[in-house]
Amino acid sequence: MTVAAGLGYALLALGPSLSLFVSVISKKPFLILTVLSSTLLWLMSLIALSGAWRAFLPLKTTRWWPYAILVITSVVFQEGLRVLFWKVYKKLEDILDSFADRVSKPRLFLTDKMQIALAGGLGHGVAHAVFFCLSLLTPAFGPATFYVDRCPQMPFFLISAIISLGFVTIHTFSMVIAFNGFAEGKRMHQVFVPGVHLAAALVTLINLSSGGCMVGIPILYFLVALTLIYCGNMVWKRLTEDRSRRH
Amino acid sequence: MAQNRKPTTILDSLGEEIVRIIAPVSTCMFLVVLLVTVLNTDSSPNITTIASIAYNETSSDSIWDKLKGALLNSLAFVAVITVTTFILVLLFYFRCTKFLKFYMGFSALVVLGFMGGEIALFLIRVFSFPIDCVTFVVILLNFAVVGVLAVFLPKMPILVTQGYMVVIGILVAYWFTVLPEWTTWALLVALALYDLAAVLLPGGPLRLLVELAMSRDEEIPALVYEARPVNYHEVDPRTANVARTLWRGRNSGSSSGSVEILDSNSSPEVGLSDGGEGRETRVVVARENQNSEVLPELLAPFVNRELEGSGTQVDGGREGNASMDGWAIEGIGLGSSGAIKLGLGDFIFYSVLVGRAAMYDFMTVYACYLAIIAGLGITLMLLAFYRKALPALPVSILLGVLFYFSTRFLLETFVVQCSVNLIMF
């Protein structure tokens, strides 16, 4: 539906991440590199999943449980990779700290570590938006639009952009929660992240039924709001207790 | 916050050099993708080039024929490149540097004037841009001449030189994407392997060239992109100014297209420097309906890390002075700023890969972009580790080809299946 519409859909999915990138991440080159490497990691996990599932696709069934298995296996795999990501980050943190000692600069602050976690999460979110929404937007730049049968209220591009926006937010902030949870060893944080990811992915299964998207998308955004509030709460608590500890 | 000003941590400036080389590579790739999508016509002109001399691909041939033809084409191309690189080594050995420099300027003029002019004409036709011949010729002439000066003159502002390097890369890369599909992929893989062999094997032409240049302590005339040097905060303004002017003076040799070769033993306390670089590869292009003109250019698909950054310096305060001493005593060695140099051939072949991926679909473009950047990062890390001239093509190209084929055949069905049903995770 013309270039304006295509750009609009792209910005809908990626607008907040773009502003986050420009305001926080572009100032520090290391964070840009973190975003790129976490995007690459997410892409590699997606390729591995598609390789594993290739033999079974395309799923020509109208029942919901093959899709459920697909979603559950994918989420479990990606959460496993998050733990791996954390371990690699731990090693990197040690290298960075020893490097800081060598050039006699202060070690990484808590805010620095959180910024790295945010950059990692943003990389995951951007990868999701790019591969699930942006790469399918090419027809939207042309003269027509497309509707899916199961959700005839809005064009397909609009729905996928809205869902992608939700997932971008979930990915970005759940990485911050996860890293903090692993660092402090708090069970609650560590369980919350896979839980929210799995719940959000399962909620999109509601879209399989006719007219389901009118129910599924609000529930998804409820989960997004939950993640945001939880993350904000946790960061606030951590920063205040860190500040009070230092004085 | 209790403190008014937080002390800066290493996170503020770490990785700056890498980002300074990733940014122009990304710009080049992005513009080539844009050009390819805008100018993508279904009928590709039948150009006879050296790259398709052995076999001209038509869509009706069988897979086996196409594969054979593509391999023959790429072998022919690599053979031509090897021969011309050996000729270059010979010329350099006989100290014909003036000839090489003039040749470099001439090829820059041809690329900017003729290839740039043709692409500009395509764009004018697609967008129906109202411009008359005289204005067009005047603008094109000025553009090309300034480009040649940017390649030659040392005193150009570094942004102009960098901009023209990227433009030359874009133009040459666009012309490479016109080749038929199987030939392009075979060519990319063959060039990656050739790069590996030519740089690392003892008899390789590029290694000979580098060793010649190092033993004579001379620069190789080549088209190279040079990232801006990074100025760290500890250097106080006085020494910073001097260091900057001295860097300018040194940069003069480099931005005229030649490359500085640093002697790794010269200044141990200032920093480590890598051995030389400067590898030329030939780009062969011809026009339609003409015999294949060989139009070689001197490009240098190499990565050279001029100097280690602040990592190995002793303490922050002394850094400025150490750099000054290093300058005064040695005359070579760079102070607290380091710069990474990437040959223009690397820019070109990365962009060719991404441009060819754009001809299929955008999903492959994103995947190949990430693969190439990852390969570049790995190459830079290896450079910091091994400290000698390294080929920049193999890792990126092989990763890019791998990601292209896995995205095209595996990822696409998976993602489309999920998205059309509005299932995401």
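## Transmembrane spans and helix packing in chains A and B

UniProt, in an unreviewed entry, lists the feature "transmembrane region" for chain A at residues 6-25, 30-52, 64-85, 116-137, 157-179, 191-209 and 215-236. The coordinates discussed here belong to a predicted model, and the annotation comes from the UniProt record. For chain B, the record, again an unreviewed entry, places the feature "transmembrane region" at residues 21-39, 70-94, 106-128, 134-153, 158-176, 182-201, 366-386 and 392-411.

Some of these annotated spans can be set beside the secondary structure of the model, as in the table below.

| Span | Helix | Strand | Distance between end C-alpha atoms |
|---|---|---|---|
| Residues 64-85 of chain A | 95% | 0% | 32 Å |
| Residues 215-236 of chain A | 100% | 0% | 32 Å |
| Residues 182-201 of chain B | 95% | 0% | 28 Å |
| Residues 392-411 of chain B | 95% | 0% | 27 Å |

### Chain A

Helix α5 of chain A covers residues 156-184, and its 29 residues should span 42 Å at 1.5 Å a residue, a value with which the 42 Å between its end C-alpha atoms agrees. Because 23 of the 29 residues of α5(A) are buried, this helix is largely enclosed by the rest of the structure. Just after α5(A) comes G185(A), which takes a positive phi of about 75°.

A further positive phi in chain A, near 50°, belongs to S104(A), a residue other than glycine. S104(A) sits in the loop that links α3 (65-102) to α4 (110-132) of chain A, and with a relative accessible area of 56% it is exposed, the cut-off for that class being over 50%.

Is R238(A), which is part of helix α7 (residues 213-246) of chain A, buried or exposed? Its relative accessibility is 15%, and because the limit for a buried residue is under 20%, R238(A) counts as buried. When residues up to four places away in sequence are not counted, R238(A) touches L110(A), M114(A), N180(A) and E184(A).

### Chain B

Chain B contains 12 helices and six strands, and 56% of its 425 residues count as buried. Of the contacts in chain B between residues at least 6 apart in sequence, 80% join residues at least 24 apart.

Helix α2(B) has 31 residues and reaches 45 Å from its first C-alpha to its last, which is close to the 45 Å expected at 1.5 Å a residue. The helix is followed by R95(B), whose phi is positive and near 60°.

Two packed helices are described by the angle between their axes and the distance between the axes. For helix α2 (residues 63-93) and helix α3 (residues 97-127) of chain B, the axes come within 8 Å and cross at roughly 135°. That angle makes α2(B) oblique to α3(B), because it falls neither over 145 degrees, as roughly antiparallel would require, nor between 65 and 115 degrees, as roughly perpendicular would require. On the α2(B) side the contact is made by L88(B), L91(B) and F92(B), and on the α3(B) side by T97(B), F99(B) and L100(B). The residues of this contact between α2(B) and α3(B) divide into five nonpolar, one polar and no charged.

Helix α3 of chain B also holds L112(B), which is buried with a relative accessible area of 0%. Leaving aside neighbours within four places in sequence, L112(B) is in contact with G117(B), L140(B), F143(B), A144(B), G147(B), V148(B), Y164(B), V167(B), I168(B) and L171(B). The C-alpha atoms of L112(B) and L141(B) are separated by 9.0 Å, although these residues are 29 residues apart along the chain.

Further along chain B, helix α12 (residues 393-420) includes Y404(B), which counts as buried at 1% relative accessibility. Which residues does Y404(B) contact, leaving aside its neighbours within four places in sequence? They are E181(B), W185(B), A357(B), Y360(B), T364(B) and C368(B). The C-alpha atoms of Y404(B) and V36(B), which are 368 residues apart along the chain, are separated by 17 Å.

In the segment after α12 of chain B lies L422(B), a residue other than glycine whose phi is nevertheless positive, near 60°. At 2% relative accessibility, L422(B) counts as buried.

Notes: Residues are numbered from 1 along each chain as its sequence is written. Chains are lettered from A and ligands numbered from 1 in the order in which they are written. This is a predicted model: local features need pLDDT of at least 70, side-chain atom pairs count only at pLDDT 80 or more; totals for chains, interfaces and linings use all residues. Side-chain values use heavy atoms; hydrogens and water are left out. UniProt positions are given in the numbering used here, feature names are shortened, and annotations may be inferred rather than shown by experiment. Helices (H or I, at least four residues) and strands (E, at least two) are DSSP runs, numbered from the N terminus. Axes are lines fitted to C-alpha atoms, for helices over the stretch in contact, and angles run from 0 to 180 degrees between N-to-C directions. Angles under 35 degrees count as roughly parallel, over 145 as roughly antiparallel, 65 to 115 as roughly perpendicular and the rest as oblique. Contact means heavy atoms within 4.5 Å. Ala, Val, Leu, Ile, Met, Phe, Trp, Tyr, Cys and Pro count as nonpolar, Asp, Glu, Lys and Arg as charged, and the others, Gly among them, as polar. The expected span of a helix is 1.5 Å times one less than its number of residues. Buried means under 20% relative accessible area, exposed over 50%, partly exposed in between (1.4 Å probe, protein chains only).
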